[in-house]
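Student: Can you walk me through this one? I have the sequence and the fold open.

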Amino acid sequence: MARGNQESMSSATHPDYRPGLEGVIGGITKIAEINSASATLTYRGINVHELAEKSTYEETAYLLINGRLPTAHEFEHYKRTLAHERPIPESVSNILKLIPRNIHPMDALKVAYSALAAYDPDYAAAPTDHAANVRKAERIIAKAATIVAAHWRICEGKEPISPDPELDTAANFLYMLSGERADEETVKVMDASLILYAEHTFNASTFANRVTVATLSDLYSGIVTGIGTLKGPLHGGANEEAMRMLLEIGTPENAEPWLRSALAGKKKVMGFGHREYKNGDSRAAYLTKMAKKVAEKKGVPKWVEIGDIMTKIMVEEKNIHPNVDFPAAYAYYMLGIPIDLYTPIFVIARVAGWSAHAIEQLDNNRLIRPTCIYDGRSGVPYVPMADR
Ligand code: SDX
């Protein structure tokens, strides 16, 4: 049955049912708030734009996990812990060498975190042990960039590069990919994008992560669930699909005809639309400005030009705005990041949000188990195999 028919029938016969759980309250959180009307996003009460401007990914991760900004002393200690935790065990690196090279890095991330769970010194801790969960979160956050870069290099037939203890997450990621230290502006764009991607309330992957840990499973299982859920193009996978779409469009001249034909064909335009924002995603606006600066510096205006044309038409024709994945796509492209790494970069950032939510869930846990409406056959007799 077509989705439209199913939904209209459901809303007519079951007025309490919300397809896709739209508008349903899935829980209470103190971690972040989306204000749809004003299109603002805060982490622990602080506007995400202010964090992208003044903070770093590490400080933002501390804020998300611990509920407040660190003091100078706490931050020094936190950064040392992250630096210490960044390397991955050689055996996990070897697992990444053993798996097929043609798999998407998101699948490699699931493999790596599944294996890493077994190496965590708090492996045997109770799932509701808050202090152990905070330590696990530090290890999970520290290792994401190392896994992504190591797997990428292995697929390229190169040896992984160890993290540099002097560098933070964004700079280390870029360094571990190429073996060269990136310039300050590139690191700033990467760092700000990590801050903007770090957390976003009850999005699909975070909700799935909370469902997993709420069975009294562990943080790593929640992370693996989150990665699997983020991978799809309706969620985090959209940043890669958006760039492939931009490459297909190719030129600013082709943007309008391509888009009008896509809309006429009822195609989903990747990097546009959002369940929670109907007046635009403020992260997209912020990242678009950053992408424009990168375009100017690199002398490559075409992606921004195509982006502007598409945004104007989408808003005028459909009142649908770009989401964070749209400018992230062409910003990363202009920085020379391989397209298959865009959604993994989302993971490098979102492990902070997922971990904070898993800890919040386990600190005050109840199994998450919604109900459903049965719409199938009833009273069906069992027919023996020989009679079918
Ligand atoms: C992320 O939830 C989060 O917070 C996620 C996220 C995070 O930080 O965690 O913000 C990250 O996942 C961003 C979203 C990335 N996905 C995409 O860019 C894929 C393209 N976008 C869409 O498929 C869509 O907008 C969703 C999936 C994001 C939202 O889907 P909804 O809320 O279920 O809306 P819908 O698909 O039911 O669309 C409602 C209407 C439809 O038109 P009608 O049938 O009512 O006429 O809007 C249209 C849709 O066709 N529409 C689009 C569109 N998005 C919505 N039409 C064309 N292109 C689009 N992108």
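Tutor: What follows covers the domains, a few buried spots and the salt bridges. Keep in mind that this is a predicted model.

Student: Which domains does the assignment give?

Tutor: Domain 1 takes 32-232 + 338-363, and domain 2 takes 238-334. Their centres, taken over C-alpha atoms, are 26 Å apart. Domain 1 puts 30 residues into the contact and domain 2 puts in 24 residues.

Student: What area do domain 1 and domain 2 bury between them?

Tutor: About 2400 Å², with 58% of it on carbon and sulfur atoms. On the domain 1 side, Tyr197, Ile339 and Tyr342 lose the most area to domain 2. Together they make up 27% of what that side buries.

Student: And polar stuff across that interface? How many salt bridges, how many polar contacts?

Tutor: Two salt bridges cross between domain 1 and domain 2. For polar contacts, the count is 16 residue pairs.

Student: Which elements of domain 1 touch domain 2?

Tutor: Those giving two or more residues are β2 (40-43), α2 (48-54), α9 (184-197) and α17 (342-363). α9 gives the most, with eight residues. By class, that side of domain 1 has 16 nonpolar, eight polar and six charged residues.

Student: Switching topic. Is Ser205 buried or exposed?

Tutor: Buried, because its relative accessibility is 0%. Ser205 lies in helix α10 (residues 204-213).

Student: What does Ser205 touch?

Tutor: Leaving out residues up to four places away in sequence, Ser205 touches Gly226, Thr229, Leu230, His235, Arg350 and Trp354. Take Leu230: it is 25 residues from Ser205 along the chain, yet their C-alpha atoms are separated by 5.4 Å.

Student: Same check for Thr146. Buried or exposed?

Tutor: Thr146 is buried, at a relative accessible area of 4%. It is found in helix α7 (residues 130-155). Beyond residues up to four places away in sequence, Thr146 touches Arg86, Pro87, Ile88, Pro163 and Met176.

Student: Now α3. Why call it largely enclosed?

Tutor: Because nine of the 10 residues in α3 (residues 57-66) are buried. Among them are two glutamates, Glu58 and Glu59. Right after α3 comes Gly67, with a positive phi near 90°.

Student: OK, salt bridges. How many in the whole structure?

Tutor: The search finds 23. One of the pairs is Glu240 with Arg244, at 3.9 Å, N to O.

Student: Where do Glu240 and Arg244 sit?

Tutor: In helix α12 (residues 238-249). They are four residues apart, so about one helical turn separates them. Glu240 is buried, at 4% relative accessibility. Arg244 is partly exposed, at 33%.

Student: Why does that spacing matter in a helix?

Tutor: An α-helix has 3.6 residues a turn, so residues three or four places apart point the same way.

Student: Which salt bridge ties α14 to α15?

Tutor: Lys292 and Asp308, at 3.2 Å, N to O. Lys292 is in α14 (residues 282-298) and Asp308 in α15 (residues 302-318), so the pair ties together parts 16 residues apart in sequence. Lys292 is partly exposed, with a relative accessible area of 32%. Asp308 is partly exposed too, at 35%.

Student: And Lys312 with Glu316? How far apart are the closest N and O atoms?

Tutor: They are 3.1 Å apart, and the pair forms a salt bridge. Both Lys312 and Glu316 are exposed.

Student: Last one. Which residues are linked in a network of salt bridges?

Tutor: Glu85, Asp120, Asp122, Arg135, Arg139 and Lys143.

Notes
Residues numbered from 1 in each chain as written. Predicted model: local features only at pLDDT ≥ 70, side-chain atom pairs only at ≥ 80, totals over all residues. Heavy atoms only, no water. Domains from an automatic or database assignment. Contact = heavy atoms within 4.5 Å. Buried area = accessible area lost by both parts, 1.4 Å probe. Salt bridge = Lys/Arg side-chain N within 4 Å of Asp/Glu carboxyl O. Polar contact = N/O pair within 3.5 Å; in protein donor to acceptor, adjacent residues only side chain to side chain. Nonpolar A, V, L, I, M, F, W, Y, C, P; charged D, E, K, R; others polar. Buried < 20%, exposed > 50% of the residue type's maximum accessible area, 1.4 Å probe, protein only.
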